[in-house]
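Visitor: I am new to this structure and would like a close look at one part of it. Please take me slowly through the salt bridges, and then show me what lies around them.

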Amino acid sequence: MRAIYSYGIALVIVLVLAVWMASGTLVNGGKGPGNGEKPVVSLIEKNGGPLTDAVEKSGINDKASSAEAVDPTKTVAERNAATGNGTTSTTNTPRSVRIEVVTAQTMPIEVPLRGRTKAKTSVSIVAKTAGTIVTVSAQKGQVVKAGDTICTLDQGARKLAVEQAQATVDQAQTAFDANQTLVQKGLAAQNSGLAVASALAAAKVQLQSAQLDLDHTEIKTEIAGVVEDPLASVGTTLNVGQVCATVTQLDPMLFIASVPEARVGYAKLGLSADVTTVTGDKAKGQVTYIAATADDATRSFPVEISLPNADGKIRDGITADAVVNVGTAPVHVLPQSVLTLDDDGVLGIRTVEDGNKVAFHAVTIIKDTRDGVWVVGLPYKINVITVGQEFVQPGQIVDAKTDDTKLGTSDTGEAKTSTGEQPS
């Protein structure tokens, strides 16, 4: 008895499936829209029969009996036009949309950059005369001023050379003065003083050379900065050109970065910039250098921003961000939800203009924030479609209603505040 019951249920299921499949449409593709389509029941009854008559009486295959039926012989555009989803409605009733009036605002255009700090220069302080170091007056990391002595060489023999040259000058000066006295008294010829004058000049040159060699025993820095390695030690013998110490100039400090080629047109010398390092130090500077040639690997242009750093807080080689102010422009702040694409894939918005006619305006995004996008390329005052922009096309007449919720505010009407920005 149980088996008969089970087989009975299975038979009912099979009959239901058979009826359902027989009521469908078989599509033999590759023959064009509307061709190659026939009811599944025709496979069972070639020339009609009770099943065919039952399906036709039920109206299942009657496309006109259902408002949602899809005619396979028509294109998508033709179906949209027939159902009123396109630009032309069969009922000629304008589609309702919601709009909001948006006015342009004058806002600064800022270009964000990511880079690092770099010391303006790093100079090796070298010996200009040979000798043994007897004193090192600076330590590694010490801040020095221009003209400070870093290393001192042994001066013994050079002091003696200066004293000897000074004695020679004194002797030549005495001889020159005596000759001048005799000439003035007429006791010596006028040309008799040439020899003693020449001797005096030679003695003075020798004194200057000896004094300069003595001065070179004090190795001084010509720039202000911080003493770095390599730093020589006492007892080291230096030849001419060997390094006593390295001084890194930290004021002004440089911020170096690269501007993408798409934005290099914004870059101008003298533009102000705000720089913030990863350590939290902030400084204001100016663009002082823009490369004339792009980097072959990155297709970007190196730039430098000079930063005042009198206190030396900004160190060399620190990762930092800069925001360069390239001027101001009239921009519109819009929520991302109003952005759409036209048939060519161009990004823009749809607006309502005179006569409640829809228009499309392409836009360029210059900044993307949490409160919306900053766009340029729009008229000063526009009626932005905020609801329904995806269901209308340019030139279509619509029934526009003003949206009570202002753009840039929450649904409760409270003004949004910026909590962060994402550079575009």
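Guide: A salt bridge, as the word is used here, is a side-chain nitrogen of Lys or Arg that lies within 4 Å of a carboxyl oxygen of Asp or Glu. The model is predicted, so to speak of a local feature a pLDDT of at least 70 is needed and side-chain atom pairs count only at pLDDT 80 or more, whereas totals for chains, interfaces and linings use all residues. Residues are numbered from 1 along each chain as its sequence is written, and side-chain values use heavy atoms, with hydrogens and water left out.

By that rule, the search of the whole structure gives 10 salt bridges. One of them joins R114 and D321, whose closest N and O atoms are 2.2 Å apart. This pair links distant parts of the chain, with R114 in strand 4, D321 in strand 15 (residues 319–334), and their positions 207 residues apart in sequence. Strands (E, at least two residues) and helices (H or I, at least four) are DSSP runs, numbered from the N terminus. R114 counts as exposed, at 57% relative accessibility, while its partner D321 counts as partly exposed, at 33%. For these words, buried means under 20% relative accessible area, exposed means over 50%, and partly exposed lies in between (1.4 Å probe, protein chains only).

Strand 4 (residues 105–126) also carries E110, which forms a salt bridge with K367, the closest N and O atoms being 3.4 Å apart. Because E110 lies in strand 4 and K367 in strand 19 (residues 364–369), this pair ties together parts that are 257 residues apart in sequence. Here E110 is partly exposed, at 28% relative accessibility, but K367 counts as buried, at 8%.

Another salt bridge brings together the side chains of E218 and K220, with 3.9 Å from N to O. E218 is partly exposed, with a relative accessible area of 34%, and K220 is also partly exposed, with 42%. Elsewhere, salt bridges that share partners join E261, D296 and R299 into one network. R299 deserves a second look, since it has a positive phi of about 55° although it is not a glycine. R299 sits in the loop between strand 13 (282–290) and strand 14 (300–307), where it is partly exposed, with a relative accessible area of 39%. A positive phi, near 55°, is also found in N356, again a residue other than glycine, and N356 lies in the loop between strand 17 (347–353) and strand 18 (357–362).

From here we can turn to the sheet that contains strand 8. Four strands form an open sheet in the order 8-7-5-10, with antiparallel pairing, and two strands count as paired if DSSP finds at least two bridges between them. Strand 8 (218–220) and strand 10 stand at the edges, each with a single partner strand, so one side of each has no neighbour in the sheet. Strand 10 pairs with strand 5 (residues 131–136) in the antiparallel sense over two bridges, and T132 stands opposite T237 in strand 10.

The chain also has a covalent link, and by the rule used (a pair of cysteine sulfur atoms within 2.5 Å) there is one disulfide. C151 and C244 form it, with their sulfur atoms 1.9 Å apart. The two cysteines come from distant parts of the chain, C151 in strand 7 (residues 149–153) and C244 in strand 11 (residues 243–260), 93 residues apart. With 80° about the S-S bond, the link is right-handed. C151 is buried, with a relative accessible area of 0%, and C244 counts as buried at 0% as well.

Strand 11 also holds P252, and the peptide bond from D251 to P252 is cis, with omega near 0°. A cis peptide bond joins D229 and P230 too, with omega about 0°, and P230 is found in the loop between strand 9 (225–228) and strand 10 (237–238).

To set these details in the whole, the protein chain has five helices and 23 strands, and 29% of its 424 residues count as buried. With contact meaning heavy atoms within 4.5 Å, 69% of the contacts between residues at least 6 apart in sequence join residues at least 24 apart.
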